[in-house]
Amino acid sequence: MKRKLWLWFIGGFLVMFASLALFKPVNYIPPSEDRIIKMKLWEFYRIEVPKSWHRELRPLNSMTTALPRLVFSHLVASTIGGVTVLTVAWSVQRLTNRTSPSTA
């Protein structure tokens with residue numbers, strides 16, 4: 001059973017990653033405009049990730065330089081979600097093994 005604990009981490013990580021991508025609002029400032037657009041994180045990634053591959057072809061703006069920090073914080077939050085689910089699964093497994101009668 002201990003070998004399957006990593007699946008709990010992966011599950012928690014993916015749920016947290018998808019939840020943040022789908023529901024976390026991000027303020028976006030288009031390069032040629034003076035307004036702020038509120039959008040979901042996945043929409044921000046859809047706009048900014050392709051631009052980051054062609055960074056040398058255009059001047060940097062504040063949104064492009066914010067992309068690495070945003071990706072890092074998204075991954076850290078998802079890792080915390082995975083570790084939380086892993087901790088709960090490990091605790092339940094440990095309590096279950098401690099209270100079940102041994103079959104030795």
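pLDDT is the predictor's confidence in each residue, on a scale from 0 to 100. That definition comes in handy straight away, since what you have here is a predicted model: local features need pLDDT of at least 70, side-chain atom pairs count only at pLDDT 80 or more, and totals for chains, interfaces and linings use all residues. Residues are numbered from 1 along each chain as its sequence is written, and side-chain values use heavy atoms, with hydrogens and water left out.

The protein has an average pLDDT of 85, and 81% of the residues score at least 70. Confidence is highest in helix 1 (residues 5-23), at a mean of 96, and lowest in helix 2 (residues 41-53), at 87. Helices (H or I, at least four residues) and strands (E, at least two) are DSSP runs, numbered from the N terminus.

Let's walk along the chain. The protein contains 3 helices and 2 strands, and their order in the sequence is α-β-β-α-α. Helix 1 is home to Leu14, which joins Trp6, Leu7 and Ile10 in a nonpolar patch on the surface, with about 410 Å² of accessible area together. Such patches are made of residues with over 30% relative accessible area and no salt bridge (a side-chain nitrogen of Lys or Arg within 4 Å of a carboxyl oxygen of Asp or Glu); like charges are joined within 9 Å, and nonpolar side chains (Val, Leu, Ile, Met, Phe, Trp, Tyr) within 5 Å. Accessible areas come from the Shrake-Rupley method with a 1.4 Å probe, and for residues only the protein chains shown count as cover.

Next come the strands. Strand 1 (residues 25-28) and strand 2 (residues 37-40) run antiparallel and are joined by 4 bridges; two strands pair if DSSP finds at least two bridges between them. Opposite Asn27 you will find Lys38 of strand 2. The side chains of strand 1 alternate: Val26 and Tyr28 point to one face and are buried, whereas Pro25 and Asn27 point to the other and are not. Buried means under 20% relative accessible area, exposed over 50%, and partly exposed in between (1.4 Å probe, protein chains only).

Lys40 also belongs to strand 2. Lys40 counts as partly exposed because its relative accessibility is 32%. Beyond its neighbours within four places in sequence, Lys40 is in contact (heavy atoms within 4.5 Å) with Ala21, Leu22, Phe23 and Lys24.

Now turn to helix 3 (residues 62-99), where His74 lies. With a relative accessible area of 2%, His74 is buried. Setting aside neighbours within four places in sequence, His74 is in contact with Phe17, Leu20, Ala21, Leu41 and Tyr45. Val83 sits in helix 3 too, but at 40% relative accessibility Val83 counts as partly exposed. The C-alpha atoms of Val83 and Ile10 are separated by 9.0 Å, although their positions lie 73 residues apart along the chain as a separation in sequence.

Finally, the whole protein. Of its 104 residues, 25% are buried. The accessible surface comes to about 7800 Å², with 69% belonging to carbon and sulfur atoms. Among contacts between residues at least 6 apart in sequence, 49% join residues at least 24 apart.
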